[in-house]
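Visitor: I have a structure to go through with you. Can we take it piece by piece?

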Amino acid sequence: MSHTSLHGKWAVSSSDDDDNLPPSGTTTSKSIRPAESSHSTRRSPSLVPVPTPLEVKAEPARTPVCSLTIGSEARQSAARNRVNPLKFETSPSRAGKRKKETSDGSGWALSDSDDDDLEVKRKNQSSLPRRAPPNGETKKPKVESERPPSPHGRLYYIDEPDDFFESSLPCLNDTYRFYLNKVTGLDRKFNSGALHIKDILSPLFGTLKESVQFNYCFDIPWMVKQFPSEFRHCPVLIVHGDKREAKARLLQQGQPFPHVRFCQAKLDIAFGTHHTKMMLLWYEEGFRVIILTSNLIRADWYQKTQGMWMSPLFPRLPEGSSASSGESPTFFKRDLLEYLASYRAPELEDWIQRIKEHDLSETRVYLVASTPGRYVGADMERWGHLRLRKLLYEHTNPIPGEERWPVIGQFSSIGSMGMDKSKWLAGEFQRTLTTVGKCSLRPDPIMHLLYPSVEDVRISLEGYPAGGSLPYSIQTAQKQTWLHSYFHRWKASRTGRSHAMPHIKTYMRVSPDFTQLAWFLVTSANLSKAAWGALEKNNTQMMVRSYELGVLYVPSAFNMKTFPIDTNPFPASSSTSGFPVPFDLPPTCYSPKDQPWIWNIPYSQEPDTHGNIWVPS
């Protein structure tokens with residue numbers, strides 16, 4: 001079946017046109033198409049490849065490559081089909097000088113996203129782009145002793161100066177405590193004040209005693225290496241949502257590390273995920289919370305755009321303090337405890353007690369969380385987008401001419417929202433995003449949605465494999481082409497990150513001249529009903545599928561009327577009063593030639609920055 005829209009023509013088999021049947025395909029280079037996985041329970045889509053002037057040859061059968069399947073089968077397949085790939089030569093690209101060592105990153109599998117479509121992403125990297133050797137050259141033999149490398153092979157991550165991982169406390173903006181991650185391959189000024197995971201866990205921020213890591217994707221051996229040597233054996237609790245075989249593989253990863261324990265989040269509603277990304281760090285000096293957008297895998301920390309909120313160091317309360325002590329004006333302590341209690345997990349009880357014993361009063365952000373369940377009455381406003389709506393109603397003020405203040409949503413994955421915008425986006429979610437104070441009449445402002453185009457992905461630092469973290473499927477896209485008229489490009493020259501594809505998720509309300517913010521949210525929640533919740537039963541019930549977590553900035557909590565936007569956030573300065581929005585404003589609308597990145601159709605007309613094409617199996 002062929003489908004034409006404002007932003008491109010896609011072709012898929014009509015027999016596979018089902019929202020709930022995600023692809024089993026992943027990437028190849030010029031020289032290989034992934035083999036079909038024998039572990040898939042469903043047939044992969046019949047794709048019509050775009051004709052390519054590049055020669056495409058099949059890889060010999062002796063070198064199997066696994067492709068992705070859906071649900072837990074994807075994780076099974078990825079684990080069972082890890083192979084030792086052939087060596088190959090990489091071409092020069094914008095990534096710069098490359099390390100000559102094996103990457104210990106891992107690869108593709110179930111989506112880091114959150115949708116009813118069961119989108120698919122990387123978790124155990126196993127399908128890898130490869131190149132054919134130049135004509136006349138003998139193929140290099142298989143390497144038997146190396147772990148699978150990154151999507152770009154062994155030479156993926158580039159060399160950085162010794163001080164890429166800060167040896168002294170970075171210049172941090174303590175006003176907002178919102179930071180981007182460091183990105184390899186950028187001018188060093190764009191990493192000034194940004195944070196890598198090794199920075200976050202550095203002894204410069206505290207003497208770590210114990211931690212909890214909430215996340216979706218984990219590479220336990222890689223994670224352990226990120227702790228400084230003096231903290232490498234401090235107890236770590238992993239909070240995850242894996243079940244059955246996926247859970248067994250995660251536990252197996254942790255076997256060599258007796259200090260790592262596990263807590264399984266309950267996911268009682270179909271298609272939900274544990275998508276929250278949070279660190280709880282307990283120090284000798286106090287306690288800290290980090291809410292972020294990165295998975296605990298290597299590929300998320302080097303050439304993608306990520307964001308985080310890092311709390312102040314919370315001191316311990318005096319002995320005998322009351323239960324209400326240490327609360328912030330934003331009730332962050334109460335809300336964090338309520339969120340942790342929603343897990344109903346004995347493993348978190350000690351952490352709940354520790355938080356009660358600390359002073360969180362310096363916090364100036366509001367917690368916006370999702371937890372799986374069906375909620376009625378007052379409970380409907382505890383989670384998801386109705387929680388955000390309630391906070392905006394209570395803690396922002398009406399703006400003169402607010403209909404001219406655009407709403408911006410920026411995300412890395414898109415769920416199924418129905419045949420037209422009234423089904424969820426405009427009928428429900430947009431009403432939340434346009435709430436400003438206790439105003440009953442709300443005209444609909446412009447809504448800009450930022451999602452990378454095919455060209456954004458093609459010319460990115462990672463090339464087409466960056467699209468493995470942008471799992472928007474053809475099955476979903478062709479049913480909601482109305483959505484694509486909202487789309488805007490990913491451009492981030494002000495932060496140097498135009499070519500670092502976004503895994504960050506942000507939502508905001510901005511002034512008509514794009515110089516002021518009415519509010520700003522950084523979160524794990526993508527654009528989907530599973531993440532934000534959807535009203536049911538004539539709007540009397542709220543259903544949420546997934547765990548999500550973010551923090552909301554409102555000007556009143558900072559004694560401001562609006563947040564000024566910092567147009568030059570790098571190099572970082574502790575004296576700036578501007579908010580560091582991670583991308584360029586105003587957003588750039590898609591041109592008629594632009595197409596949203598759809599990850600399960602081929603892109604073979606033009607090679608990416610690494611000379612690869614994208615051909616799902």
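**Strands, a helix and the core**

Guide: Start with a pairing. Strands β19 and β20 (residues 516–523) run antiparallel to each other, paired over six bridges. Keep in mind that this is a predicted model.

Visitor: What lies between β19 and β20 in the hairpin?

Guide: Five residues separate the two strands. F514 sits in that turn, with a positive phi of about 60°.

Visitor: Which residue in β20 is the bridge partner of M508?

Guide: F520 is the partner of M508.

Visitor: Which strand pairs with β19 over four bridges?

Guide: That is β15 (residues 407–410), again in the antiparallel sense. There, G409 has Y507 of β19 as its bridge partner.

Visitor: How many residues of β19 are buried?

Guide: Six of its six, across residues 505–510. Both faces are covered. K505, Y507 and R509 are buried on one side. T506, M508 and V510 are buried on the other.

Visitor: Switching to helices. Which residues of α4 are buried?

Guide: In α4 (residues 244–254), they are A246, R249, L250 and G254. Looking down the helix axis, these buried residues fall within an arc of 145°, so they line one face of α4.

Visitor: And what is exposed on the other side of α4?

Guide: R244 and Q252 are exposed there.

Visitor: New topic: H610. Where is it in the chain?

Guide: H610 is in the segment after β24 (563–564).

Visitor: Is H610 buried or exposed?

Guide: Buried. Its relative accessible area is 5%, and the cut-off for buried is under 20%.

Visitor: Which backbone oxygen lies 2.7 Å from a polar atom of the H610 side chain?

Guide: The one of L461.

Visitor: Now the core. How many residues are in the largest nonpolar one?

Guide: It has 119 residues. L425 and Y553 have the most contacts inside that core. The largest share, six residues, comes from β20.

Visitor: What does Y553 touch?

Guide: Leaving out residues up to four places away in sequence, the contacts of Y553 include W309, V365, F558, F563 and F579. W519 and F520 are also among them. So F520 turns up twice: as a contact of Y553 and as the bridge partner of M508.

Visitor: Why would nonpolar side chains be buried together?

Guide: It is a general tendency in soluble globular proteins.

Visitor: How many residues are in the other core?

Guide: That core has 31 residues and lies apart from the largest one. I200, F205, L292 and W301 are among its members.

Key:
Residues are numbered from 1 along each chain as its sequence is written. This is a predicted model: local features need pLDDT of at least 70, side-chain atom pairs count only at pLDDT 80 or more; totals for chains, interfaces and linings use all residues. Side-chain values use heavy atoms; hydrogens and water are left out. Buried means under 20% relative accessible area, exposed over 50%, partly exposed in between (1.4 Å probe, protein chains only). Two strands pair if DSSP finds at least two bridges between them. The arc is that of the directions from the helix axis to the C-beta atoms. A polar contact is a pair of N or O atoms within 3.5 Å; within protein, one must be able to donate a hydrogen and the other to accept it, and residues adjacent in sequence count only if both atoms are side-chain atoms. A nonpolar core is a set of buried Ala, Val, Leu, Ile, Met, Phe, Trp, Tyr and Cys residues joined through side-chain atoms within 4.5 Å. Contact means heavy atoms within 4.5 Å.
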